[in-house]
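Good morning, everyone, and thank you for making the time. I would like to walk through one model with you, starting from a single position and then widening the view.

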Amino acid sequence: MTDHYAVFLSYSRNDLEAANALRAQLEGYGLSVFKDDDSIRGSDEWLNCLQTAVDRCGAFVLLVGRDGVRRWISAEAQVALSRHFGPHDDSER
């Protein structure tokens, strides 16, 4: 897993086609994108990988599809919001 990504992409598996298309567009603009199924290897500790990727990404993109915000999408969004609103110093966000 790469240490830093420009974008963390949070999505539902039911919206995989839209997530793949969005990732391709973002990468077409030269952005590195964390998308779990492409960024986490089978031997990785997946929960740690998700936490690290959210903590180190430059932007968090939440793809809300036909299922709305499901359990894991909500958890990823909470981590991103905690990162953004937690520090009192703007330089740490």
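**A walk through the model**

Let me begin with Ala-75, which sits in helix α4. Please keep in mind throughout that what you see is a predicted model. With a relative accessible area of 29%, Ala-75 is partly exposed, since that value falls between the 20% limit for buried and the 50% limit for exposed. Across the chain from Ala-75 we find Ser-10, which is 65 residues away in sequence, although the two C-alpha atoms are separated by 9.9 Å.

Stepping back to the chain as a whole, there are 93 residues, of which 31% count as buried, and the secondary structure consists of 4 helices and 3 strands. If you follow the sequence from its start, these elements come in the order β-α-β-α-α-β-α. Among the contacts in the chain with a separation of 6 or more, 70% are made by residues 24 or more positions apart.

A word on confidence before we go into detail. The mean pLDDT for the chain is 82, and 88% of the residues score at least 70. The highest mean among the elements belongs to α1, at 96, whereas the lowest belongs to α4, at 77. Where pLDDT is low, predicted coordinates should not be read in detail.

Now to the interior. Nonpolar side chains tend to be buried together in soluble globular proteins. Which residues make up the largest nonpolar core here? There are 10 of them, namely Tyr-5, Phe-8, Phe-34, Ile-40, Cys-49, Leu-50, Ala-53, Val-54, Cys-57 and Ala-80, and α3 supplies the largest share of this core, with 4 residues. A second core, separate from that one, has 7 residues, including Leu-9, Ala-19, Leu-26 and Val-33.

Three members of the larger core deserve a closer look. Ala-53 is placed in helix α3, and because its relative accessibility is 1%, Ala-53 counts as buried. Its C-alpha atom is 9.5 Å from that of Lys-35, a residue 18 positions away in sequence. Val-54, once neighbours within four places in sequence are set aside, is in contact with Phe-8, Phe-60, Glu-76, Val-79, Ala-80 and Arg-83. Ile-40, by contrast with Ala-53, lies in a loop, the one between α2 and α3. Is Ile-40 buried or exposed? At 18% relative accessibility, Ile-40 counts as buried, because the limit is under 20%. Its contacts, again leaving aside neighbours within four places, are Phe-34, Trp-46, Cys-49 and Leu-50; for the last of these, which is 10 residues away in sequence, the C-alpha to C-alpha distance is 8.5 Å.

Let me turn to the pockets. The largest pocket has a volume of about 300 Å³. Its lining comprises 17 residues, and those nearest the centre are Tyr-11, Arg-13, Asp-36, Trp-72 and Glu-76. Two or more lining residues come from each of β1, α3 and α4, and by class the lining divides into 9 nonpolar, 3 polar and 5 charged residues.

Of the residues nearest that centre, Asp-36 is one I would ask you to display. Asp-36 belongs to helix α2, residues 36–39, and, beyond four places in sequence, Asp-36 touches Tyr-11, Arg-13 and Leu-50. The C-alpha atoms of Asp-36 and Tyr-11 are 9.4 Å apart, with their positions 25 residues apart along the chain.

The second largest pocket has a volume of about 150 Å³. Of its 11 lining residues, Phe-60, Ala-80, Leu-81, Arg-83 and His-84 are the closest to its centre. Both β3 and α4 give two or more residues to this lining, and α4 gives the most, with 5 residues. The lining consists of 7 nonpolar, 2 polar and 2 charged residues.

I will finish with Ser-12, which lies in the loop between β1 and α1. Its relative accessibility is 8%, so Ser-12 counts as buried. Apart from residues up to four places away in sequence, Ser-12 touches Asp-67 and Ile-73. As a last reminder about confidence, α4, where we began with Ala-75, is the element with the lowest mean pLDDT, at 77.

Methods
Residues numbered from 1 in each chain as written. Predicted model: local features only at pLDDT ≥ 70, side-chain atom pairs only at ≥ 80, totals over all residues. Heavy atoms only, no water. 1 Å grid on protein atoms, 1.4 Å probe; cavity = no way out; pocket = protein on both sides within 12 Å on 5 of 7 lines; lining within 4 Å. Points joined across faces, edges and corners; volume = space filled by probe spheres on them. Nonpolar A, V, L, I, M, F, W, Y, C, P; charged D, E, K, R; others polar. Buried < 20%, exposed > 50% of the residue type's maximum accessible area, 1.4 Å probe, protein only. Contact = heavy atoms within 4.5 Å. Core = buried A, V, L, I, M, F, W, Y, C linked by side-chain atoms within 4.5 Å. pLDDT = per-residue confidence, 0-100.
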